[in-house]
Amino acid sequence: LQIKEKTLPELNDEFAKSFGVESMEALGQGLKENLTQEQQNARERDVRNQVIKVLMDQVKCELPESIVKQQTKSTVYDIVRENQNRGMSNEDIEKHKDAIYDAASTSARERIKVIFVLGEIAEKEKIQPAAEEVNHEIQHMAEHYKIKPKQMLKKLKDQNAISEVYERIVSRKVVEFLLSKAKITEIDRPKIPITV
């Protein structure tokens with residue numbers, strides 16, 4: 001039997017240099033800025049989600065069942081694949097198939113309603129993505145998948161998925177439009193102090 005002891009590195013400028021900065025002070029400042037940005041991003045996401053929720057609560061509409069079924073099927077597939085990747089057995093997935101289907105159906109209806117309503121607002125307000133926005137989105141996707149933008153574009157075309165890129169950009173622009181028109185009231189929340 002061999003006993004090993006973990007030793008933590010000394011927190012000094014040498015340690016900071018392993019992260020590409022010159023000093024512990026610079027590392028601490030970088031971490032603080034990253035955490036502050038994450039808090040800001042989370043706050044903005046929260047506001048966007050609340051605006052969409054309020055809008056969806058106010059809009060009542062019938063959704064095309066064929067599209068709901070297609071989206072539900074796709075969502076079921078995603079849930080099953082995700083659970084398999086987590087190590088869930090096919091037997092367990094089979095036992096929970098009704099719950100999986102119900103969750104997928106609810107999610108599909110919500111997603112389609114959001115897409116439909118945002119699409120209607122985009123049409124009414126003439127909100128469309130500019131070519132440079134589409135190119136930027138494809139470049140961002142290419143970076144995420146670690147491939148060249150031309151390869152990403154070809155992949156999207158082969159999968160007939162360019163329209164999804166347009167939808168994503170339009171949805172984002174519509175939400176930005178809604179935020180510009182919304183009356184947002186902030187409530188006091190306890191602030192999490194950032195200390196590094």
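Helices H6 and H7 are roughly perpendicular to each other, a description that rests on a packing angle of about 100°, since angles of 65 to 115 degrees count as roughly perpendicular. The model in which this arrangement appears is a predicted one. The axes of H6 and H7 are 8 Å apart, and the residues that bring the pair together are Ile138, Gln139, Met141, Ala142 and Tyr145 from H6, which meet Pro149, Met152, Leu153 and Leu156 from H7. Sorted by class, the residues of this contact comprise eight nonpolar and one polar, with no charged residue.

A second helix pair can be read in the same way. Helix H3, residues 65-85, packs with helix H5, residues 97-125, at an angle of about 125°, and their axes are 8 Å apart. H3 and H5 are therefore oblique to each other, and the crossing in which H3 passes H5 is right-handed. On the H3 side the contact is formed by Glu65, Ile67, Val68, Gln71, Thr72, Thr75, Val76 and Ile79, while H5 contributes Ile100, Tyr101, Ala104, Ser105, Ser107, Ala108, Arg109, Arg111 and Ile112. The contact of H3 with H5 contains nine nonpolar, five polar and three charged residues.

Thr75, a residue of helix H3, gives a closer view of this contact. Its relative accessible area is 6%, so Thr75 is buried, and, when neighbours within four places in sequence are left aside, Thr75 is in contact with Ala104, Ser107, Ala108 and Arg111.

From the helix pairs we turn to the nonpolar cores. In soluble globular proteins, nonpolar side chains tend to be buried together. The largest nonpolar core here has 14 residues, of which Leu55, Leu118, Ile121, Val174 and Leu178 touch the most other members. Helix H2 (24-58), H5 and helix H8 (162-181) are the elements that each supply two or more residues to this core, and the largest share, five residues, comes from H2. Ile121 shows how such contacts reach across the sequence, for it is in contact with Leu55, Val174, Phe177 and Leu178 once its neighbours within four places are set aside. There is also a second, separate core of nine residues, which includes Ile138, Met141, Ala142 and Ile169; Ile138, Met141 and Ala142 also take part, from H6, in the contact with H7.

The loops complete the picture. Val59 is placed in the loop between H2 and H3, and, with a relative accessible area of 22%, Val59 is partly exposed. Leaving out residues up to four places away in sequence, Val59 touches Lys113 and Val117. Although Val59 and Val117 are 58 residues apart along the chain, their C-alpha atoms are separated by 8.1 Å.

Two further loop residues deserve a look at their backbone angles. Lys126, in the loop between H5 and helix H6 (131-145), has a phi near 55°, which is a positive value in a residue other than glycine. Lys126 is exposed, with a relative accessible area of 71%. Asn160, found in the loop between helix H7 (149-158) and H8, likewise has a positive phi, of about 50°, although it is not a glycine, and Asn160 is exposed with a relative accessible area of 67%.

Technical notes. Residues numbered from 1 in each chain as written. Predicted model: local features only at pLDDT ≥ 70, side-chain atom pairs only at ≥ 80, totals over all residues. Heavy atoms only, no water. Axes fitted to C-alpha atoms, helices over the stretch in contact; angles between N-to-C directions. Helix = DSSP H or I, 4+ residues; strand = E, 2+ residues; numbered from the N terminus. Parallel < 35°, antiparallel > 145°, perpendicular 65-115°, else oblique. Left-handed = near helix turned anticlockwise from the far one by under 90°. Contact = heavy atoms within 4.5 Å. Nonpolar A, V, L, I, M, F, W, Y, C, P; charged D, E, K, R; others polar. Core = buried A, V, L, I, M, F, W, Y, C linked by side-chain atoms within 4.5 Å. Buried < 20%, exposed > 50% of the residue type's maximum accessible area, 1.4 Å probe, protein only.
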